[in-house]
Amino acid sequence: MRRTILAVMGITALALILAACAGEDTIIEKIVTVEVEKQVVVEVEKIVTVEVEKIVTVEKLLIATPTPPPAGQAQFGGTLRITAQGSVSALDPVFSPFAVIGGIASHFYEGLFGWDGNLEAAPRGVSSWSVSSDGLTYTFSLRRMLFHDGTPFESEDATASLKRWRDGGTTGAAVVKRFTDDEGAFTIIDNKTFTWRFNEPLGALIFILSVPHPPMPMMPAEVAATPFTEAVEDRTGTAVYKFSSWNPGVDIVLERFDGYIPRTEPSTPGAYAGENIAYLDRLVWLEIPDEETKVAGLETGEWDIVDNAGLDFFERVNSNPDLIVPLYKPGKRSNVYLNPQIPPFSYQKARQAIMTAIKVEDFMASLGPDTLWIVCAAVYWCNTPLETDFGSIYTVQTSQGPKEIGYNVNDMATAQLLLADSDYAGETTIIMNPTDYGTITPLGHVLKPVMEEVGFNVEMPALDWATITSRFGATDSYSAITDWYEHYAVGTPITDHLISGTFDFIVRDEELLRMQNEFLRAEPKDQLGVAERIQARRWEIVTSLSLGIWFPISPATADLKNFDVKAINFYTNTWLSR
């Protein structure tokens, strides 16, 4: 019986294809075959009962020829195949706040706010909000949304999700926790309304809640009750796509959520806020470790987009008429975290030594052409209101007298002197550098020989990105991590995780925390002065090796429409024209 039905479906499908190709309406005959053991009732012109083995009827169907959508018009359907930036170790952006994870999770989780096309905060999960006259109490009203299991999104879910995000200490969350960390901060008024009370005014709250990475995921209250130190396994969200499957090391699949209720405000390409529509049936992230394979597969149509491709492929993909190459500015900064928990980078002079030795241009040139990167001494980004080189070069006392050190001085002799003056005793220095991340992998191969020349005893084991991110908490096992960070994560002292991040591989400094609070309370006219003092302190204690700024590329098939990059790649509101 099953074989017969499949054959009929095949005949029908073929007829539809022939009709579409014909260019005019077509009448076809659909053969319907029904097998029975003894009796069957068949409707022809009247009800009859016959004792047969098989009945065949013929129905005439009018098939209308499909009309292609006008050029540029959105269309539904299809699967978008994406090569992930690196391997994936988790899908909980609070537990594991890395870009690879956040970029995927932001498609099935939503936050209360998100960036619009102008990179400004706009509502997503809220319908309205207000703040009391003393600036201490925010009132939020939630818009009508459903979780992927069909249950309504309510105040209990929002407050539980906010608590987990706040306590997790991701970008901006650590600041929020300093201003409101008591359990009585949230009051549920009704199913769609709640208040959030602060210990002192925090005017930057809405900005912090809108930062796209790591996303602030809204979860069901019972899921959000999971400690932030554990990855959630239930990935029920409220976004326009829903989690379908994850085959670790192979792929992650999301499917359209047909129960999604979009906002009515217009959206722009790459924006998180506004009317979100899932034109695509599904999104599939593929884990492809080799950069050459990623680009070659894009060129041959095996997949549709390479998320953050290696910069040295830019000329190749940009000259291909079958591809588009969105360029993200203000970009990302290459970076090396220096673990302060164990030697050698528990010693400030050892951190100053490696900073003094490096030539930033060498690191950036390893990534790709100089049209895609700049050297920038401003820790809060060049070409922004907070751009300044204040404090980036300064003088320190050494055993051989005063020496000038700082950003990109590239003075090997002074670097060796600083290391000799430190308490470093030849301990093995482990660099965690991924083998499968095109915009990070080259950094380690520049860093290792420079460190060896300074006098460090260095090892750099071969590890993929998923393994590295799973080991971040084991700070007794490594000394440095090559990485990068976003403009929106460290483009202002408000969200600077190198000051207030709760991660153990970040240098702690009470003076920086004090100045960050000062910046949050400062009038706009005074903020640059505070930022300069913060910057000088960061260069002095060497919070990390902040290198150059580079502009990511995400080459994609030209069939992908309405796609642009405003922060991390966002594929909602995109469609395939094929």
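Good morning. I begin with strand E13, which is joined to strand E14 (residues 282-286) by 5 bridges, the two strands running antiparallel. Within this pair, Leu254 has Leu283 of E14 as its bridge partner. I should say at once that the model before you is a predicted one.

E13 also has a partner in strand E12. Strand E12 (residues 241-247) and strand E13 (residues 251-256) are antiparallel and are joined by 6 bridges. Here Phe243 is paired with Leu254 of E13. Leu254 therefore appears in two pairings, with Phe243 as a bridge partner and with Leu283 in E14 as another. E12 and E13 form a hairpin with 3 residues between the strands, and in this hairpin Gly249 adopts a positive phi near 85 degrees. As a general point, the strands of a sheet pair through backbone hydrogen bonds, in either a parallel or an antiparallel manner.

Let me now place these strands in the whole protein. The protein contains 17 helices and 28 strands. Of its 578 residues, 55% are buried. Its accessible surface is about 24000 Å², and carbon and sulfur atoms account for 52% of that surface. If we take contacts between residues at least 6 apart in sequence, 71% of them join residues at least 24 apart.

I turn next to a sheet and the helix that lies across it. Four strands form an open sheet in the order E8-E9-E11-E10, with antiparallel pairing. At its edges are strand E8 (126-131) and E10, each of which pairs on one side only. From one strand to the next, the twist averages 20 degrees. E8 and E9 are joined by 5 bridges and run antiparallel. Ser128 is found opposite Ser141 in E9.

Helix H3 lies across E9, E10 and E11, and runs at about 165 degrees to E10. Is this helix enclosed by the rest of the structure, or not, and how many of its residues are buried? Of the 14 residues of H3, 11 are buried, so the helix is largely enclosed by the rest of the structure. Among them are Leu162, Arg164, Trp165 and Arg166. The buried residues of H3 pack against several elements, including strand E9 (137-142), helix H4 (173-179) and helix H5 (205-210). As for its length, the 14 residues of H3 (residues 155-168) should span 20 Å at 1.5 Å a residue, and the end C-alpha atoms are indeed 20 Å apart. Just after H3, Gly169 has a positive phi of about 75 degrees.

Helix H17 offers a second case. This helix (residues 527-541) has 15 residues and reaches 21 Å from its first C-alpha to its last, close to the 21 Å expected at 1.5 Å a residue. Its buried residues include Val530, Ile534, Arg538 and Trp539. Just after H17, Val542 takes a positive phi of about 55 degrees.

I close with the cysteines. How many disulfides are there? The count comes to 1 disulfide. This disulfide joins Cys376 to Cys382, with an S to S distance of 2.1 Å. The torsion about the S-S bond of Cys376 and Cys382 is about 110 degrees, so the disulfide is right-handed. Are the two cysteines buried or exposed? Cys376 has a relative accessible area of 0% and is buried. Cys382 is at 13% relative accessibility; because buried means under 20%, Cys382 also counts as buried. Thank you for your attention.

How values were computed. Residues are numbered from 1 along each chain as its sequence is written. This is a predicted model: local features need pLDDT of at least 70, side-chain atom pairs count only at pLDDT 80 or more; totals for chains, interfaces and linings use all residues. Side-chain values use heavy atoms; hydrogens and water are left out. The expected span of a helix is 1.5 Å times one less than its number of residues. Buried means under 20% relative accessible area, exposed over 50%, partly exposed in between (1.4 Å probe, protein chains only). Contact means heavy atoms within 4.5 Å. Two strands pair if DSSP finds at least two bridges between them. Axes are lines fitted to C-alpha atoms, for helices over the stretch in contact, and angles run from 0 to 180 degrees between N-to-C directions. A disulfide is a pair of cysteine sulfur atoms within 2.5 Å. Accessible areas come from the Shrake-Rupley method with a 1.4 Å probe; for residues, only the protein chains shown count as cover.
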